[in-house]
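Here's a friendly walk through a protein model for anyone meeting it for the first time. Take a look at the sequence and the 3D view, then read on.

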Amino acid sequence: MPTAKYEAIYRSIKRDIETGIYKYGDFLPSENTYTERFGCTRNTIRRALSVLTSEGYLLPQHGRGVEVIYSPQANKSLFTIGGIESFAEAAARNNIQTVTRLISFEEIKADEAISLKTGFDIGEELYLIRRVRTFDQRAIIYDTNVFLRSETEGLNEEIAKQSIYRYLEQELHMNITTSRRRVTAEKASREDRKYLDLGEYDFVLTVTGQVFNSRGIMFEYTQSRHVPDQVCFIESAVRQRI
């Protein structure tokens, strides 16, 4: 199935849930209603609903339909493990006013050390971007992003101050499909203390990830360092019956 079609349906239903068109405890329209609305197959609808189920938005109930289990307060988090969401989308989902401060924007080539850390091949041309994310005048996220230039040509400082994913999807028409993430707690570094409002905390929550597009190419390596009391990570799981 076309990835762009599936992504559009997934985002549309997710937006309907987050904006309250379908509230906690409601049941979604039938698959037939959605196939008529979006002009697609039932398999495409089922894939979109399956991802929303894995992200904790929906609960399929045999013989009854698909129930909405998303609660705005219970899901008040910046990122959900297992989903792919840009910073701008997360802020909009939580109705939070944010500021992005660009620390640096560089064009580099991957040497052995960078290759081992990020997974990019030695010699590949990359964009290295460092940014600080501020919420309610408090700096709570320090981001380091490394993008593969051949897949993200045209990135610049102005785009980095706004939304890089919006540029990739709307201007370069990239389909972003898969991510791998690792979450660790680490002692705060000198840079963390310089850029983040840590208060009494002497550690950060670090999310390290690699992101792939629909052609199977890893186009981004990212490391986000978070003030612990300002973010949580939600993951949904389905119990396997034996």
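## Starting with one bridge

Let's begin with a single pair of residues: valine 211 has glutamate 220 as its bridge partner in β9. Before going further, keep in mind that this is a predicted model. The bridge just mentioned belongs to a bigger set, since β8 and strand β9 (residues 218-226) are joined by eight bridges and run antiparallel.

Between those two strands sits a hairpin with four residues, and glycine 216 there has a positive phi near 80°.

## The other side of β8

So much for β9; what about β7? Strand β8 (residues 203-213) also pairs with β7, again in the antiparallel sense, and this time over eleven bridges. Two of the matches are easy to look up: arginine 182 has threonine 208 as its bridge partner in β8, and valine 183 is matched with valine 207.

How many of the residues of β8 are buried? Ten of its eleven, so the strand is mostly covered.

## The whole sheet

Now zoom out. Strands β7, β8 and β9 belong to an open sheet of six strands, and the order across it is β4-β5-β6-β9-β8-β7, with antiparallel pairing. Which strands sit at the edges? They are β4 (98-109) and β7 (176-187), each of which pairs on one side only. Going from one strand to the next, the twist averages 15°.

As a bit of background, strands of a sheet pair through backbone hydrogen bonds, and the pairing can be parallel or antiparallel.

## A residue in β6

Another strand of the sheet deserves a quick stop. Isoleucine 141 is part of strand β6 (residues 138-148). Is isoleucine 141 buried or exposed? Its relative accessibility is 1%, so it counts as buried, the cut-off for that being under 20%.

Isoleucine 141 also makes a nice example of how the chain folds back: glutamine 230 is 89 residues away along the chain, yet the C-alpha atoms of the two are separated by 9.1 Å.

## A short hairpin

There's another hairpin earlier in the chain. Strand β1 (residues 58-61) pairs with strand β2 (residues 65-68) over four bridges, in the antiparallel sense. One of the matches puts glutamine 61 opposite glycine 65, its bridge partner in β2.

Three residues lie between the strands of this hairpin, and glycine 63 has a positive phi near 85°.

## Two helices that cross

Strands aren't the whole story. Two packed helices are described by the angle between their axes and the distance between the axes. Helix α2 (residues 31-38) and helix α3 (residues 42-54) have axes that come within 9 Å and cross at roughly 105°. That crossing makes α2 roughly perpendicular to α3.

Which residues make the contact? From α2 come Glu31, Asn32, Tyr34, Thr35 and Phe38, while α3 brings Arg42, Ile45 and Arg46. Sorted by class, the contact of α2 with α3 holds three nonpolar, two polar and three charged residues.

## The overall picture

Finally, some totals. The protein has eight helices and ten strands. Of its 242 residues, 46% are buried. The accessible surface comes to about 13,300 Å², and carbon and sulfur atoms account for 47% of it.

What about contacts across the sequence? Taking contacts between residues at least 6 apart in sequence, 59% join residues at least 24 apart.

Note on methods: Residues are numbered from 1 along each chain as its sequence is written. This is a predicted model: local features need pLDDT of at least 70, side-chain atom pairs count only at pLDDT 80 or more; totals for chains, interfaces and linings use all residues. Side-chain values use heavy atoms; hydrogens and water are left out. Buried means under 20% relative accessible area, exposed over 50%, partly exposed in between (1.4 Å probe, protein chains only). Contact means heavy atoms within 4.5 Å. Accessible areas come from the Shrake-Rupley method with a 1.4 Å probe; for residues, only the protein chains shown count as cover. Axes are lines fitted to C-alpha atoms, for helices over the stretch in contact, and angles run from 0 to 180 degrees between N-to-C directions. Angles under 35 degrees count as roughly parallel, over 145 as roughly antiparallel, 65 to 115 as roughly perpendicular and the rest as oblique. Ala, Val, Leu, Ile, Met, Phe, Trp, Tyr, Cys and Pro count as nonpolar, Asp, Glu, Lys and Arg as charged, and the others, Gly among them, as polar. Two strands pair if DSSP finds at least two bridges between them.
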